[in-house]
Amino acid sequence: MGLFTKQAEEVPCTVEVSHRFESLHAHVRFDNGAIVHPGDEVLVHGGPVTAAFGEVVVEERTATITRASALERLWTRLTGDLGAMELCEFSFSEQVTL
């Protein structure tokens with residue numbers, strides 16, 4: 001991995017989509033043990049996986065992991081906390097809205 005270059009690798013993966021009362025989730029597991037680092041991008045190939053209410057759907061797919069360059073990885077680590085704070089909304093007004 002270079003300072004400015006990206007690398008892409010194709011990996012087998014398992015996609016699990018659950019649409020049950022107890023659990024509503026979608027997970028991707030890399031079957032070869034690949035790890036995603038800050039700044040990396042993952043693209044799972046194939047159409048959308050949909051599960052009707054009460055179902056859990058598990059499918060074998062292929063994913064492409066595009067590894068971030070060293071500079072992108074550093075930038076992501078330095079600014080990641082700031083990006084998470086943008087999701088927070090704070091209000092200190094005394095006005096009550098109904």
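The protein chain holds one helix and four strands; both kinds of element are DSSP runs numbered from the N terminus, with helices being H or I of at least four residues and strands E of at least two. Follow the sequence along and the pattern reads β-β-β-β-α. Keep in mind that this is a predicted model, where local features need pLDDT of at least 70, side-chain atom pairs count only at pLDDT 80 or more, and totals for chains, interfaces and linings use all residues. Residues are numbered from 1 along each chain as its sequence is written, and side-chain values use heavy atoms, with hydrogens and water left out.

Let's start with the sheet. The four strands form an open sheet in the order β2-β1-β4-β3, with antiparallel pairing; two strands pair if DSSP finds at least two bridges between them. At the edges stand β2 (24–30) and β3 (41–44), each with a single partner strand, so one side of each has no neighbour in the sheet. On average, neighbouring strands here are turned by 35° against each other, direction ignored. For that angle, axes are lines fitted to C-alpha atoms (for helices, over the stretch in contact), and angles run from 0 to 180 degrees between N-to-C directions. As for what holds a sheet together, strands pair through backbone hydrogen bonds, either parallel or antiparallel.

Now take the pairs one at a time. Strand β1 (residues 7–19) and strand β4 (residues 55–67) run antiparallel and share 13 bridges. To see this pairing residue by residue, look for V17, whose bridge partner in β4 is V57, then for E16, which stands opposite V58, and then for V11, which is matched with A63. On the other flank of the sheet order, β3 and β4 are antiparallel too, joined by four bridges. A63 turns up again here, as the bridge partner of V44. Then there is β1 with β2: seven bridges join this antiparallel pair, and V15 stands opposite V28 in β2. A hairpin of four residues links β1 to β2.

What about the inside? Of the 98 residues in the protein chain, 22% are buried, meaning under 20% relative accessible area, while exposed means over 50% and partly exposed lies in between (1.4 Å probe, protein chains only). The largest nonpolar core has 11 residues: V11, C13, V15, V17, F30, A34, V49, A51, V57, A63 and I65. Such a core is a set of buried Ala, Val, Leu, Ile, Met, Phe, Trp, Tyr and Cys residues joined through side-chain atoms within 4.5 Å. Both β1 and β4 supply at least two residues of this core, and β1 gives the most, with four. One core member to click on is C13: leaving out residues up to four places away in sequence, C13 touches V28, R29, F30, D31, V44, E59, E60, R61, T62 and A63, where a contact means heavy atoms within 4.5 Å.

Some polar residues are tucked away as well. E16 sits in strand β1 and counts as buried because its relative accessibility is 18%. The side chains of E16 and H25 are joined by a polar contact of 2.9 Å. That term means a pair of N or O atoms within 3.5 Å; within protein, one must be able to donate a hydrogen and the other to accept it, and residues adjacent in sequence count only if both atoms are side-chain atoms. Beyond residues up to four places away in sequence, E16 touches several others, among them A26, H27, R29 and V57. E16 and V56 lie 40 residues apart in sequence, yet 7.0 Å apart C-alpha to C-alpha.

T64 is the next one to find, in strand β4. T64 is buried because its relative accessible area is 14%. Its side chain makes a polar contact of 2.6 Å with the side chain of H45. Setting aside neighbours within four places, T64 is in contact with residues including A8, E9, V42 and L43.

For a contrast, move to T50, in the loop between β3 and β4. T50 counts as exposed because its relative accessibility is 63%. The C-alpha atoms of T50 and S18 are 8.9 Å apart, with their positions 32 residues apart along the chain.

Finally, the chain as a whole. Among contacts with a separation of 6 or more, 64% are between residues 24 or more positions apart. The accessible surface comes to about 7600 Å², and 58% of that belongs to carbon and sulfur atoms; areas come from the Shrake-Rupley method with a 1.4 Å probe, and for residues only the protein chains shown count as cover.
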